[in-house]
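Work through these exercises with the model open beside you. Try each task before you read its solution.

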Amino acid sequence: LKGKTALVTGASRGIGRAIALEFAGEGVDVAVNCSSSVAEAEKVAQKIKKLGRKSIVIQADVSNKDSVKKMIEKVVKEFGRIDILVNNAGIATVSPSEKLEEKVWRRGIDVMLTGVFFCSQAAGKIMIEQKSGKIINIASINGIVAFPERACYSSAKAGVIALTKVLSSEWAKYNINVNAVAPGYVETDLVRNLVTQGTLDLDELAGRTPNGKLAKTGDISNTVVF
Ligand code: NAP
């Protein structure tokens with residue numbers, strides 16, 4: 001991986017931050033994206049630079065097509081190419097389905113499904129020219145199995161799994177691999193906020209796994225780098 005370049009969306013904290021740092025540790029220059037947490041993203045970029053790699057912070061909402069186009073252009077301008085795209089940015093949209101508000105539904109689908117498509121399309125055009133690339137989408141176990149009050153989240157993540165399959169079958173001829181990683185629950189801000197709201201019980205969730213533990217961000221970042 002030494003000398004490769006990557007863009008990780010939603011890399012200011014949580015799973016995205018761990019992925020960005022793990023790639024940097026393997027010799028990859030990493031663009032760190034966030035939508036608003038610029039100070040946190042800058043800290044991640046500083047850590048990457050301390051590992052001896054180049055890093056830039058790009059503030060962009062992945063659901064905005066123009067912003068995504070500019071983000072990919074910036075990566076190519078700064079790093080010369082884009083070898084790896086990790087579509088990680090995500091938000092929680094937990095609600096009983098009968099009360100799920102239209103704006104929450106639309107935002108969830110916009111960020112977690114349309115955003116993955118916009119970023120993949122913009123980076124894919126460059127990767128097709130390069131005749132190489134890796135796209136890794138962070139889906140979720142919620143895209144595979146049912147969990148109450150996750151109508152929007154699960155639909156978006158199931159969509160990401162379907163999108164991954166379509167793009168991988170379509171772009172394999174350009175030497176582009178498209179894969180998805182579907183984590184179970186990982187203790188991050190996203191999950192901690194749901195615990196605070198009383199929507200999740202971590203002990204109960206851990207009790208459902210064979211080893212009685214929740215995943216750590218490093219378990220997911222290892223898998224993505226692999
Ligand atoms: P997190 O700690 O809440 O971090 C979310 C990241 O996404 C932040 O960097 C946030 O930056 C960014 N983001 C949110 N909306 C964005 C947008 N519109 N454009 C660009 N960036 C945006 O979440 P996490 O738990 O690490 O989750 C990361 C991914 O893993 C998500 O796709 C999530 O669905 C998935 N996942 C998580 C778990 C889990 O248990 N934690 C399990 C399975 C899958 P800003 O603050 O700047 O918006």
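**Exercise 1**

Leaving aside its neighbours within four places in sequence, which residues is R53 in contact with? Describe the setting of R53 as well.

*Solution.* This is a predicted model.
- Step 1: locate the residue. R53 sits in the loop between α2 (38–50) and β3 (55–59).
- Step 2: list the partners. With neighbours within four places left out, R53 is in contact with K2, G3, A24, G27, V28, D29 and I48.
- Step 3: check burial. The relative accessible area of R53 is 19%. Buried means under 20%, so R53 is buried.
- Step 4: look for polar partners. The R53 side chain reaches the backbone oxygen of G27 at 3.2 Å. A polar contact, also of 3.2 Å, joins the side chains of R53 and D29.

**Exercise 2**

How many helices and strands does the protein chain have? Give their pattern along the sequence.

*Solution.*
- Step 1: count. The chain has eight helices and six strands.
- Step 2: read along the sequence. The pattern is β-α-β-α-β-α-β-α-β-α-β-α-α-α.
- Step 3: look at contacts between residues at least 6 apart in sequence. Of these, 71% join residues at least 24 apart.

**Exercise 3**

What radius of gyration does the protein chain have, and what would a compact globule with 226 residues have?

*Solution.*
- Step 1: take the expected value. A compact globule with 226 residues would have a radius of gyration near 17 Å.
- Step 2: compare. The protein chain has 17 Å, which agrees.
- Step 3: add the extents. The C-alpha trace spans about 45 × 35 × 30 Å along its principal axes.
- Step 4: turn to the surface. The protein chain exposes about 11,300 Å², and carbon and sulfur atoms supply 50% of that. Buried residues make up 48% of the 226 residues.

**Exercise 4**

Which residues of helix α8 are buried? Work out how they are arranged around the axis.

*Solution.*
- Step 1: find the helix. α8 covers residues 217–225.
- Step 2: pick out the buried residues. They are I220, S221, V224 and V225.
- Step 3: look down the axis. The buried residues of α8 fall within an arc of 130°, so they line one face of the helix.
- Step 4: recall the helix rule. An α-helix has 3.6 residues a turn, so residues three or four places apart point the same way.
- Step 5: see what lies over that face. The cover of the buried residues of α8 includes α1 (14–25), β4 (84–87), β5 (133–138) and β6 (176–181).

**Exercise 5**

Which of the 33 residues around the ligand come nearest? Then trace the polar pairs and the burial of the ligand.

*Solution.*
- Step 1: name the nearest. They are S35, S36, S37, Y153 and T188.
- Step 2: take the side chains. An N or O atom in the side chain of S37 is 2.5 Å from an oxygen atom of the ligand. For the side chain of K157, the distance from an N or O atom to an oxygen atom of the ligand is 2.9 Å.
- Step 3: take the backbone. V186 places a backbone N or O atom 2.6 Å from an oxygen atom of the ligand.
- Step 4: consider the area. The ligand exposes 900 Å² when taken alone, and the protein buries 96% of that.

**Exercise 6**

Where are K131 and N175 found? State phi and accessibility for each.

*Solution.*
- Step 1: recall the usual case. Most residues other than glycine have a negative phi.
- Step 2: take K131. Its place is the loop between α4 (102–130) and β5. Phi of K131 is positive, near 60°. At 56% relative accessibility, K131 is exposed.
- Step 3: take N175. This residue lies in the loop between α5 (151–171) and β6. Phi of N175 is also positive, about 65°. N175 is partly exposed, at 47% relative accessibility.

**Exercise 7**

What separates the C-alpha atoms of A151 and P96? Do the same for E101 and A41.

*Solution.*
- Step 1: take the first pair. A151 and P96 are 55 residues apart along the chain, and 8.2 Å separates their C-alpha atoms.
- Step 2: place A151. It lies in helix α5. Leaving aside neighbours within four places, A151 is in contact with S97, L100 and W105.
- Step 3: take the second pair. E101 and A41 are 60 residues apart along the chain, with 30 Å between their C-alpha atoms.
- Step 4: place E101. It is found in the loop between β4 and α4.

Methods
Residues are numbered from 1 along each chain as its sequence is written. This is a predicted model: local features need pLDDT of at least 70, side-chain atom pairs count only at pLDDT 80 or more; totals for chains, interfaces and linings use all residues. Side-chain values use heavy atoms; hydrogens and water are left out. Buried means under 20% relative accessible area, exposed over 50%, partly exposed in between (1.4 Å probe, protein chains only). Helices (H or I, at least four residues) and strands (E, at least two) are DSSP runs, numbered from the N terminus. The arc is that of the directions from the helix axis to the C-beta atoms. Contact means heavy atoms within 4.5 Å. A residue is near a molecule or strand if one of its heavy atoms lies within 4 Å of it. A polar contact is a pair of N or O atoms within 3.5 Å; within protein, one must be able to donate a hydrogen and the other to accept it, and residues adjacent in sequence count only if both atoms are side-chain atoms. Accessible areas come from the Shrake-Rupley method with a 1.4 Å probe; for residues, only the protein chains shown count as cover. The radius of gyration is taken over C-alpha atoms; the globule rule is 2.2 Å times the number of residues to the power 0.38.
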